[in-house]
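Student: I should like to learn how to read the local features of a model such as this one. Could we take them in turn, beginning with a single loop residue?

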Amino acid sequence: QVRLVESGGGSVQAAGSLRLSCAASGYTSGGLYCMAWFRQAPGQQREGVAHISSGGGTTFYENDDVKGRFIISRDNAKNALYLQMNSRKPADTATYYCASAPCTYANTLLSAAPEYKYWGQGTQVTVSS
């Protein structure tokens, strides 16, 4: 059974850097898994932040506001996903979720929430000005 556990959130001030982590377990040995970060702000719908292929070589930033500020990466040896959040803004305040799904090829990229089969419980990030 696949399990995703996010960490690294907290209450922080604007500007500066913060790195979120997602630890995955239960993956099939040799399996390919696409992964992504989503977020949901209070009173808002969940939105996609960034997606990454199973091989890590292809990324897609769904939110124009995070392009150039956030970096998605993964370490397959550790079954870990990361989100480096630079130049934080109060608008980044949200619960951040890690998501994963089996993928056919190493460079396959998913982009929609319904495509992801596994979800973490989320980690809260609060950015104050």
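Tutor: Let us start with Asp-92, which is placed in the loop between E8 and strand E9 (94-102); strands (E, at least two residues) and helices (H or I, at least four) are DSSP runs, numbered from the N terminus. The model is a predicted one, in which local features need pLDDT of at least 70 and side-chain atom pairs count only at pLDDT 80 or more, whereas totals for chains, interfaces and linings use all residues. Residues are numbered from 1 along each chain as its sequence is written, and side-chain values use heavy atoms, with hydrogens and water left out.

Student: Is Asp-92 buried or exposed?

Tutor: Buried means under 20% relative accessible area, exposed over 50%, and partly exposed in between (1.4 Å probe, protein chains only). Asp-92 has 0% relative accessibility, so it counts as buried.

Student: Which polar contact joins the side chain of Asp-92 to another side chain?

Tutor: A polar contact is a pair of N or O atoms within 3.5 Å; within protein, one must be able to donate a hydrogen and the other to accept it, and residues adjacent in sequence count only if both atoms are side-chain atoms. Here the side chains of Asp-92 and Arg-39 are joined at 3.1 Å. In addition, a polar atom of the Asp-92 side chain lies 2.8 Å from the backbone nitrogen of Lys-89. With contact taken as heavy atoms within 4.5 Å, and neighbours within four places in sequence left aside, Asp-92 touches residues including Arg-69, Phe-70 and Met-85.

Student: What is the strand order of the open sheet?

Tutor: Strands of a sheet pair through backbone hydrogen bonds, either parallel or antiparallel. Two strands count as paired if DSSP finds at least two bridges between them. This open sheet has four strands in the order E1-E3-E8-E7, with antiparallel pairing. Strand E1 (3-7) and strand E7 (70-75) are at the edges with a single partner strand each, so one side of each has no neighbour in the sheet. E7 and E8 are paired in the antiparallel sense over six bridges, and Asp-75 stands opposite Ala-80 in E8. Their hairpin has four residues between the strands, and Asn-79 takes a positive phi near 50° there.

Student: Which side chains of E7 are buried?

Tutor: The side chains alternate along E7: Phe-70, Ile-72 and Arg-74 point to one face and are buried, while Ile-71, Ser-73 and Asp-75 point to the other and are not. In the partner strand, E8 (residues 80-86), lies Asn-86, whose side chain makes a polar contact of 2.8 Å with that of Ser-17.

Student: How many aromatic pairs are there?

Tutor: A pair of aromatic rings is described by the distance of the centres and the angle of the planes. Rings of Phe, Tyr and Trp (its six-membered ring) pair if their centres lie within 6.5 Å; planes under 30 degrees apart are stacked, over 60 edge-to-face, and the rest tilted. The count is four aromatic pairs. One of them, Tyr-27 with Tyr-33, is stacked, at 3.8 Å centre to centre and 5° between the planes. Another, Tyr-116 with Trp-119, is edge-to-face, at 6.4 Å and 75°. Tyr-116 is buried at 5% relative accessible area, whereas Trp-119, at 27%, counts as partly exposed. Phe-38, Tyr-116 and Trp-119 form one aromatic cluster.
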